[in-house]
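Subject: Structure for your review

Hello,

Here is the structure I said I would pass on. My notes on it follow below.

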Amino acid sequence: MGYASNRRFGRSGGWQQAQAPDTRDVAEWFSGRLPDDWFTTAPTIEVDREEIVVTGELAPPEEATPAAVEGRVSRFRESTRSQRMQIADEAEARYGRKVAWGVTVGEHHVLFTHLAVPVMTRLRQPERKVLDTLVDAGVARSRADALAWTVRLAGQHADQWLTELREAMRKVDDLRTEGPQL
């Protein structure tokens, strides 16, 4: 089973990742480890500094009503729980990152337990005013929610540019790896 994507976010090199295990073979490892009958297509694997997210496509129920789709997701989640936990434990030991799982049924996408990692930032008053406006308008419950909303929005509108930037960084990291070892 091949994998549709092995998107990595964040820097794979640099001081932040100096002690983290290499994840270049993560898609191949999951390809060999996951049961072949879980998903209808190759799952996507997304990796960042803290987490590996495995998302697979489930066959839609005959009548794809919202209740039927919810039931299909629930059945998969419950029937694969112990195997997913075992695979996650093995991957966490190998790659030093937590593993989260998700499924897609048609247009319905569900992520099971996944990380929400705190990120420290320093904002000046103009940036804080943006967050406070979103909170005051009821768009977000807190500054943290407003910041997450803003990051999601920026990511949606700059997706192509961010993808190109990640590819360029990956090429630099590959060249660094291939370079002379001192």
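A term first: a nonpolar patch is made of residues with over 30% relative accessible area and no salt bridge, with nonpolar side chains joined within 5 Å. Please also keep in mind that this is a predicted model.

Surface patch

By that definition, L115, V117 and V119 make up a nonpolar patch on the surface, and together they have about 260 Å² of accessible area. V117 sits in the loop between β5 (108–111) and α3. Its relative accessible area is 39%, so V117 is classed as partly exposed.

Overall layout

The chain contains 5 helices and 5 strands. Going along the sequence, they come in the pattern β-α-β-β-α-β-β-α-α-α. Of the 182 residues in the chain, 27% are buried. About 12300 Å² of the chain is exposed, with 54% of that supplied by carbon and sulfur atoms. Taking contacts between residues at least 6 apart in sequence, 62% join residues at least 24 apart.

A buried glutamate

E51 belongs to strand β3 (residues 51–57). Which side chain of opposite charge is nearest to E51, and how far away is it? The answer is K98, at 9.7 Å. A salt bridge needs a side-chain nitrogen of Lys or Arg within 4 Å of a carboxyl oxygen of Asp or Glu, and E51, although buried, has no salt bridge. Apart from neighbours within four places in sequence, the residues in contact with E51 are E46, R97, K98, A100, H114 and L115. L115 is also one of the residues in the nonpolar patch described above.

Salt bridges

The whole structure has 9 salt bridges. I looked at the following pairs.

- R24 and D22: the closest N and O atoms of this salt bridge are 2.8 Å apart. R24 is partly exposed because its relative accessibility is 44%. D22 likewise counts as partly exposed, with a relative accessible area of 44%.
- R81 and E78: here the closest N and O atoms of the salt bridge are 2.3 Å apart. Both residues lie in helix α2 (residues 66–95), 3 residues apart, which is about one turn of the helix. An α-helix has 3.6 residues a turn, so residues three or four places apart point the same way. R81 has 32% relative accessibility and is therefore partly exposed. E78 has a relative accessible area of 49%, and is partly exposed too; the cut-off for exposed is over 50%.
- D145 and R141: the closest N and O atoms in this salt bridge are 2.9 Å apart. What separates the two partners is their class of exposure: D145, at 26% relative accessibility, is partly exposed, while R141, at 75%, is exposed.

Helix α3

Helix α3 (residues 125–136) has 12 residues, and at 1.5 Å a residue the expected span is 16 Å. The multiplication uses one less than the number of residues. The end C-alpha atoms of α3 are 16 Å apart, so the model agrees with the expected span. Just after α3, G138 has a positive phi of about 85 degrees.

Where to look

If you open the model, you could begin with E51, which is buried without a salt bridge, and then turn to the patch of L115, V117 and V119.

Regards

Technical notes. Residues numbered from 1 in each chain as written. Predicted model: local features only at pLDDT ≥ 70, side-chain atom pairs only at ≥ 80, totals over all residues. Heavy atoms only, no water. Helix = DSSP H or I, 4+ residues; strand = E, 2+ residues; numbered from the N terminus. Buried < 20%, exposed > 50% of the residue type's maximum accessible area, 1.4 Å probe, protein only. Lys, Arg positive; Asp, Glu negative; His and termini not counted. Contact = heavy atoms within 4.5 Å. Patch = residues over 30% accessible without salt bridge, like charges linked within 9 Å, V, L, I, M, F, W, Y side chains within 5 Å. Areas by Shrake-Rupley, 256 points an atom, 1.4 Å probe, with all protein chains shown as cover.
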